[in-house]
Amino acid sequence: MTLSNEQLILNQLHDRTARVAVLGLGYVGLPLATIFAEAGFNVIGIDPDEGKVATVSRGESHIQDVPTEQVARLVAAGKLHATTDFSVLADVEAVSICVPTPLRKTGDPDLSFILDASAELAKYIHPGMVIVLESTTYPGTTREILLPQLGEENNLVVGEDFFLAFSPERVDPGRTDWTTLNTPKVVGGITEACSEVASTWYAQALQDVVPVSSAEVAEMAKLLENTFRMINIGMVNEMAIMCDRLGIDVWEVIDAAATKPFGFMKFTPGPGLGGHCIPIDPLYLSWKLRALNYTARFIDLASEINTGMPRHVLSMIQDALNEQGKPLKGSDVLVLGAAYKPDVDDLRESPALDVIGLLEQKGARVFYHDPYIPHLDHEGLEIDSVPDLMEAVAEVDCVVIITNHSSYDYPAILGAAKLIVDTRNALGEAGRNNTRVYRL
Ligand SMILES: NC(=O)c1ccc[n+]([C@@H]2O[C@H](COP(=O)([O-])OP(=O)(O)OC[C@H]3O[C@@H](n4cnc5c(N)ncnc54)[C@H](O)[C@@H]3O)[C@@H](O)[C@H]2O)c1
């Protein structure tokens, strides 16, 4: 009796003889590749970036959350490989796509990485393959973009010959309590068989798989999660601006509200949204809705408030210096923290870049310090992190705390600085009612 493609791949997944490929060895792909390898699969990471491939092949990690010792052990055991050569897909049964989904300069989704990955896959797709898209994108991408190129153009029937699903990645870089391994993983297939095959695969390696009825539900669930965060951050940022006008301490207000044991979730204001997800993903949704003649008003409003925060911070710095009788032009300003959030080395969409750019436009002499980012090279901006943090803190006219890395000695910074603009309440109580400190 010949087995169906579905039965064949299910057997290979259960006994872990299915060979796995992860397309894209970045913040999402490398952790996922190591988890599949730890579960006993033979895993190959495919990435056009020769540097990343060489690093993994040497048994090293370029991702903060993945220990080099783990990559070294898996590579030495022959469970994890890396290559730039997509032809290895011909010998692979299970593929996870973890490529970037940025925005174009125009603010529209840039699906070129998904399209490139899909074009490579289409060359090597074969019956019995299961393919899961992990990249965050608008609802409909898996069915409208991947399915025709992988299925129809190769005369393969989805759900019978091959299996296609979407499963959003929820990794929160730098976090240790909830990781890719134990964060529940939503999986939605193009057909019921696709859901079953993809969920079976992921359940071999991840602790909690949550099957849903379609790829679109899985795609939309991710956008609900990230839109929820973006809108709540926008709301609390506006709350900070309103409190400023009213002369009320927003941080005390938030702490007071957060004592409510139900019906409230704490969000904190800041200098703007950063990272590869929260500022970008909801715009994929609003773009898709615009094509259907619908305006996603909450997203537009939150986006407007959040993108205005760096300018709000700029005016806080100007006001703070003004109180000291100093113009911003010609003043020395030290930005503390360039990463988009504490204790990570990720600069993507960081509001620090906007604040530094605005300060330079206004004629300030800008310095920065970040223990995780020794050098900034972004759209014409090129600076090194100051070598001696405390010396710089003492010398400049104003210190601006943009990212509250936990390694900073805040009492020492408060003691040494002439003037501080604290956009994260990093100084806490010590910064309150201190005439040298201006808090968001
Ligand atoms: N970083 C996060 O915290 C996070 C969290 C949840 C979801 N996501 C989503 O996951 C996806 C990947 O994000 P990331 O942070 O890992 O990005 P990343 O930039 O760190 O990694 C993506 C990798 O894909 C590679 N790549 C580009 N084109 C490719 C191709 N055609 N084939 C194979 N590899 C290719 C790149 O060289 C890069 O190494 C994005 O859609 C993102 O929105 C990211």
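1. In helix α10 of this predicted model, the buried residues are Asp281, Pro282, Leu283, Tyr284, Leu285, Ser286 and Lys288. These are seven of the ten residues of the helix, which spans residues 281–290, so α10 is largely enclosed by the rest of the structure. The partners against which the buried residues of α10 pack are three other helices, namely α6 (141–150), α8 (215–246) and α11 (297–323). A reader inspecting this region may wish to note that the buried set includes the charged side chains of Asp281 and Lys288.

2. One residue of α11 deserves a look alongside α10. Asp300 lies in helix α11 and, at 34% relative accessibility, counts as partly exposed, since that class covers values between 20% and 50%. Leaving aside residues up to four places away in sequence, Asp300 touches Ser286 and Thr295, and Ser286 is one of the buried residues of α10. The C-alpha atoms of Asp300 and Pro282 are 9.1 Å apart in space, with their positions 18 residues apart in sequence.

3. The loop between α10 and α11 contains Asn293, whose phi is near 60°, a positive value in a residue other than glycine. With a relative accessibility of 75%, Asn293 counts as exposed. A second residue of this kind is Asn155, where phi is positive at about 55° although the residue is not a glycine. Asn155 is found in the loop between α6 and β6 (163–166), and it is exposed, with a relative accessible area of 71%.

4. Turning to the chain as a whole, the secondary structure comes to 14 helices and 15 strands. The radius of gyration is 24 Å, close to the 22 Å that the globule rule gives for 440 residues, so the chain is as compact as a globular protein of that length. Taken along the principal axes, the C-alpha atoms fill a box of roughly 85 × 50 × 40 Å. Buried residues make up 54% of the 440 residues, and, among contacts with a separation of 6 or more, 69% are between residues 24 or more positions apart.

5. On the surface and charge, the protein chain exposes about 19,500 Å², of which carbon and sulfur atoms supply 52%. There are 33 positive and 60 negative side chains, and the centres of these two sets lie 5 Å apart.

6. The largest nonpolar core has 74 residues, and those with the most contacts inside it are Phe36, Ile131 and Trp201. Helix α7 (residues 192–205) gives the largest share of this core, with seven residues. A second, separate core holds 51 residues, including Ala296, Ala302, Ile402 and Val421. For Ile131 in the largest core, the residues touched, not counting those up to four places away in sequence, are Val95, Ile97, Leu121, Ile125, Leu150, Phe162, Phe163, Leu164 and Ala165.

7. Val95 also appears in the surroundings of Ala21, a residue of strand β1 (residues 19–23). Ala21 is buried, with a relative accessible area of 0%. Apart from residues up to four places away in sequence, Ala21 touches Ile44, Ile46, Leu89, Val92, Ala94, Val95 and Ser96. Ala21 and Val43, which are 22 residues apart in sequence, lie 5.6 Å apart in space when taken from C-alpha to C-alpha.

8. Thr55 has its place in helix α3 (residues 50–57). This residue is buried, with a relative accessible area of 13%, a value that falls in the buried class because the cut-off is under 20%. Not counting residues up to four places away in sequence, Thr55 touches Glu60, Ser61 and His62.

9. Finally, Gly330 sits in the loop between α11 and β9 (332–336). Among residues outside the range of four places in sequence, Gly330 touches Gly363 and Ala364. The C-alpha atoms of Gly330 and Val366 are separated by 9.6 Å, and these two residues are 36 residues apart along the chain.

Technical notes: Residues numbered from 1 in each chain as written. Predicted model: local features only at pLDDT ≥ 70, side-chain atom pairs only at ≥ 80, totals over all residues. Heavy atoms only, no water. Helix = DSSP H or I, 4+ residues; strand = E, 2+ residues; numbered from the N terminus. Rg over C-alpha atoms; globule rule 2.2 N^0.38 Å. Buried < 20%, exposed > 50% of the residue type's maximum accessible area, 1.4 Å probe, protein only. Contact = heavy atoms within 4.5 Å. Areas by Shrake-Rupley, 256 points an atom, 1.4 Å probe, with all protein chains shown as cover. Charge placed at Lys NZ, Arg CZ, Asp CG, Glu CD. Core = buried A, V, L, I, M, F, W, Y, C linked by side-chain atoms within 4.5 Å.
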